[in-house]
Amino acid sequence: MSVHDDLTSVQRCLEDLNRSVKRLEQQLGRGGLEMRRVRADTDHLRESVALLREAAPALGGPRRPDLVSIPDTPYDNSLWTDSDDEGLGARDRHAP
């Protein structure tokens, strides 16, 4: 599942939560401290998801590394003049 799919799913759940909180407010009234806290938490969650949606394009998903083209032409031999052969040491020296 992509980030956008997950955010859409969370958005739907928050809309359901918001509808349920509205029904509770109608049944219990808005005045109680508990109901005000539930409403504030619901609003805070909605704002947080909106911020995540704004940041989602920057998150993007898994990035593919940039491709580097490797030419078919042989390398310049001067690149290897003073290099050591792996495991063998330098050309003009002997292994101990």
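Start by selecting threonine 42, which lies in helix 2. The model on the screen is a predicted one. Threonine 42 is buried, with a relative accessible area of 4%. Show its surroundings and leave out the neighbours within four places in sequence: the contacts of threonine 42 then include Leu17, Asn18 and Val21.

**Across to helix 1**

Select leucine 17 next. Leucine 17 is found in helix 1. Draw a distance from its C-alpha to the C-alpha of threonine 42: the value is 7.5 Å, although the two residues are 25 apart in sequence. Is leucine 17 buried, exposed or partly exposed? Leucine 17 is partly exposed, because its relative accessible area is 34%, and the partly exposed class runs between 20% and 50%. Setting aside residues up to four places away in sequence, leucine 17 touches Thr42 and Leu45.

**Helix 1 as a whole**

Now colour residues 3–28, which make up helix 1. Which residues of helix 1 are buried? They are Leu7, Leu14, Asn18, Val21 and Glu25. Two of the names on that list, Asn18 and Val21, were also met as contacts of threonine 42.

The length of helix 1 can be checked in the viewer. Helix 1 has 26 residues, and at 1.5 Å a residue it should span 38 Å. The C-alpha atoms at its two ends are 36 Å apart, which agrees with that expectation. Then step just past the end of helix 1 to glycine 29, where phi is positive, at about 90°.

**A pair within helix 1**

Side chains of opposite charge can pair when their charged atoms come close. How many salt bridges does the structure hold? There are 5 of them.

For one of these, select aspartate 16 and arginine 19. They form a salt bridge in which the closest N and O atoms are 2.2 Å apart. Both residues sit in helix 1, 3 residues apart, or about one turn of the helix. Aspartate 16 is partly exposed, with a relative accessible area of 41%. Arginine 19 is partly exposed too, at 44%.

**A pair between the helices**

Move along helix 1 to glutamate 25, which belongs to this helix. Glutamate 25 counts as buried because its relative accessible area is 9%, and buried means under 20%. With residues up to four places away in sequence left out, glutamate 25 touches Arg30, Met35 and Arg39.

Add arginine 39 to the selection. Arginine 39 and glutamate 25 form a salt bridge, with 3.2 Å between the closest N and O atoms. This pair links distant parts of the chain: arginine 39 is in helix 2 (residues 33–59) and glutamate 25 is in helix 1, 14 residues away. Both arginine 39 and glutamate 25 are buried.

**The loop**

Select arginine 30. Where is arginine 30 placed? It is in the loop between helix 1 and helix 2. Arginine 30 is exposed, because its relative accessible area is 62%, and exposed means over 50%. Apart from its neighbours within four places in sequence, arginine 30 is in contact with Glu25, Met35 and Arg36. Glu25 and Met35 therefore bring two selections together: arginine 30 touches both of them, and Glu25 itself touches Met35.

**A pair within helix 2, and the network**

Go on to aspartate 43 and arginine 46. Their side chains meet in a salt bridge, at 2.8 Å from N to O. The two residues are both in helix 2, 3 residues apart, about one turn of the helix. Aspartate 43 is partly exposed, with a relative accessible area of 27%, and arginine 46 is partly exposed at 36%. Now show five residues together: Glu25, Arg30, Arg39, Asp43 and Arg46 are joined into one network by salt bridges that share partners.

**Zooming out**

Finally, display the whole chain. It has 2 helices and 0 strands. Of the 96 residues in the chain, 11% are buried; threonine 42, where the tour began, is a buried residue. Among contacts between residues at least 6 apart in sequence, 47% join residues at least 24 apart. Switch on the surface to end the tour: the accessible surface of the chain is about 8800 Å², and 55% of it belongs to carbon and sulfur atoms.

Terms used: Residues numbered from 1 in each chain as written. Predicted model: local features only at pLDDT ≥ 70, side-chain atom pairs only at ≥ 80, totals over all residues. Heavy atoms only, no water. Salt bridge = Lys/Arg side-chain N within 4 Å of Asp/Glu carboxyl O. Helix = DSSP H or I, 4+ residues; strand = E, 2+ residues; numbered from the N terminus. Buried < 20%, exposed > 50% of the residue type's maximum accessible area, 1.4 Å probe, protein only. Contact = heavy atoms within 4.5 Å. Expected span 1.5 Å × (residues − 1). Areas by Shrake-Rupley, 256 points an atom, 1.4 Å probe, with all protein chains shown as cover.
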